[in-house]
Amino acid sequence: MAEHLIILDKPQEWSLDLPGAQIITPATYLTDPAYAKLPQARVMNLSRDYSYLSSGYYCSLLAEARRHKVLPTVKTLQDLSRKSLYKTLLEDINPAILKSLDDPSLEQLSVESYFGYTQSKTFASLTREVFALLPFPALSIHLKRKGDLWVLDKLKPLDIQKLSDKQAWLLWDGLRTYLTKRWRTAKIKPHYLYDLAILVDPTEEMPPSDDQAIDNFISAAKKVGIHAEIIHRKHIHRLAEYDALFIRETTYIDHYTYRVARKAQAEGMVVIDDPDSILRCANKVYLAELLKGNKITTPQTTILTRQNKNKLLSRLALPIVLKIPDGSFSHGVKKAETLDEAKVLAREMLKESDLILAQEYVYTEFDWRVGIIDRNPLFVCQYFMSKSHWQIINHSSPGLWGDLKSIPVEEAPDKVVETALKAANLIGDGLFGVDLKQLKDGRVMVIEVNDNPNIETGEEDQVLKDKLYKIVMQSFRNRLDAQIQKK
């Protein structure tokens, strides 16, 4: 297999000479199992469409799940999707570079960057610095005059399929040069204050923590030397006043919670949930690929597309569970009892996403939830199914949850806790809630890894009580102390 994989929507339209590289389509990379098994592959994703839940987006997402080195990463795609995200990163550009571009006859200008390279020596340092912060194949960098200075105004990805012959040559020349170098990521600036912002949404119907739990976190923070206070979405402009962010509202990728996490990370703040964890946990396709690739048992899972849905559904045992990749709290999760019902549901779900999951239905009386922080178990609960329903939450009867029982970590089955830790450790060292099923034959299956697990008064804290909140806040303190020690 080639050392480099180049993903193009229409490879037949390109005449390329890239030794050691194999050119494939997005569909091939997404569906051919041979590529899922490749170790240490380097993937250059040159898809035409990188929009959220498109095939191009999924190529970068699954590349990361497969532990392939990919450009652009999902984080870069998210950063470029909104000016509010990449504007913070662009503040790191060396001011001397922009000053050197001064030309009194111009009010605005644009420069094209191909893997950080440009033909103009005047802009060479600028394109290199932008690429170091936002590694993207082809960008148009727009600048405008502000008083006596030039400022970076906006970034616009170039459509690979619409490049002129000259632009295409520049792209491939930049690619050849880039493939001979090591892939690097930008450094994050540290921050050293001890103030914590806890982001909540007072209007959210099912927040991950109730008001009393939030108060408990604030009290626990004081005990470890951190001043914590609640902020809402309207306070985001004050984010720079803090050096740590604790997100206690439901997170989504295509949502301001992700953008806030990304901005906080770019500022060097300690963040839980960090944007990497949000990206990895929020998409069930990524998780399915990640768990499968690391030999962690899950319900039998198949990825469906508009093209293969009917063919693959006819091969699967019923009943079957269909999942939208970025659903939460069991939203976007449907159960089909018959093949016809599965086809109808799949057709509707594929209007929202290019890929969905079909998963075998596994019945258990309850699901295990293992809370984890800093790669250590925090709490263990049993979430029972809602009455006369197949899920923990019955969305047809708002507020109807199943019962919850919390037990000491040391009394939980070892295999459940060990499997949860193995799954969460693939994501990171933050705060996670791993949902698992234990079958009668002893097998343990991971259902999901959540980046912002519920911690509510009288529920997940039944065993540890106030100590649970202090452990979480101590994690923030330890991370802040570690930043200072690195200084």
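These legends describe close-up views of a predicted model.

**View 1. A parallel open sheet of 4 strands.**
The strand order is β2-β1-β3-β4, and the pairing is parallel. Strands β2 (21–24) and β4 (69–71) stand at the edges. Each has a single partner strand, so one side of each is left without a neighbour in the sheet. From one strand to the next, the twist averages 20°. Inside the sheet, β1 (residues 4–7) and β3 (residues 42–45) run parallel and are joined by 4 bridges. Look for Ile 7: the residue opposite it in β3 is Asn 45.

**View 2. Helix α3 against helix α4.**
Helix α3 covers residues 55–65, and helix α4 covers residues 74–81. Their axes are 9 Å apart, and the packing angle is about 140°. From α3, the contact takes in Tyr 57, Ser 60, Leu 61 and Glu 64. From α4, it takes in Val 74, Lys 75, Leu 77 and Gln 78. By class, the contact of α3 with α4 has 4 nonpolar, 2 polar and 2 charged residues.

**View 3. Helix α4 against helix α10.**
Helix α10 spans residues 256–266. It packs with α4 at about 105°, and the two axes are 11 Å apart. That angle makes α4 roughly perpendicular to α10. Lys 75, Gln 78 and Asp 79 are the α4 residues in this contact. They meet Tyr 258, Arg 262 and Gln 265 in α10. The residues of this contact divide into 1 nonpolar, 2 polar and 3 charged.

**View 4. Gln 78 and its contacts.**
Gln 78 lies in helix α4. Is Gln 78 buried or exposed? Its relative accessibility is 5%, so Gln 78 counts as buried; the cut-off for buried is under 20%. Gln 78 meets α3 residues in one helix contact and α10 residues in another. Leave aside its neighbours within four places in sequence, and Gln 78 is in contact with Tyr 52, Tyr 57, Leu 85, Ile 253, Tyr 258 and Leu 279.

**View 5. Two cysteines, Cys 59 and Cys 281.**
Cys 59 is buried, with 0% relative accessible area. Cys 281 is buried too, at 6%. How many disulfides does the structure hold? The count is 0.

**View 6. An antiparallel open sheet of 5 strands.**
The strands follow the order β20-β17-β16-β21-β22, with antiparallel pairing. Strands β20 (404–407) and β22 (444–450) are the edges, and each pairs on one side only. The twist averages 25° from one strand to the next. Strand β17 (residues 376–384) runs antiparallel to β20, and 4 bridges join the two. One residue to find is Val 380, whose bridge partner in β20 is Ile 407. Helix α15 (residues 414–427) packs on the sheet. It touches β16 (366–373), β17, β21 (431–438) and β22. The direction of α15 makes about 135° with that of β21.

**View 7. Lys 467 and Asn 216.**
Lys 467 sits in helix α16, which runs over residues 466–486. Lys 467 is exposed, with a relative accessible area of 54%. In sequence, Lys 467 and Asn 216 are 251 residues apart. In space, their C-alpha atoms are 9.9 Å apart.

Terms used:
Residues numbered from 1 in each chain as written. Predicted model: local features only at pLDDT ≥ 70, side-chain atom pairs only at ≥ 80, totals over all residues. Heavy atoms only, no water. Pairing = 2+ DSSP bridges. Axes fitted to C-alpha atoms, helices over the stretch in contact; angles between N-to-C directions. Contact = heavy atoms within 4.5 Å. Nonpolar A, V, L, I, M, F, W, Y, C, P; charged D, E, K, R; others polar. Parallel < 35°, antiparallel > 145°, perpendicular 65-115°, else oblique. Buried < 20%, exposed > 50% of the residue type's maximum accessible area, 1.4 Å probe, protein only. Disulfide = S-S within 2.5 Å.
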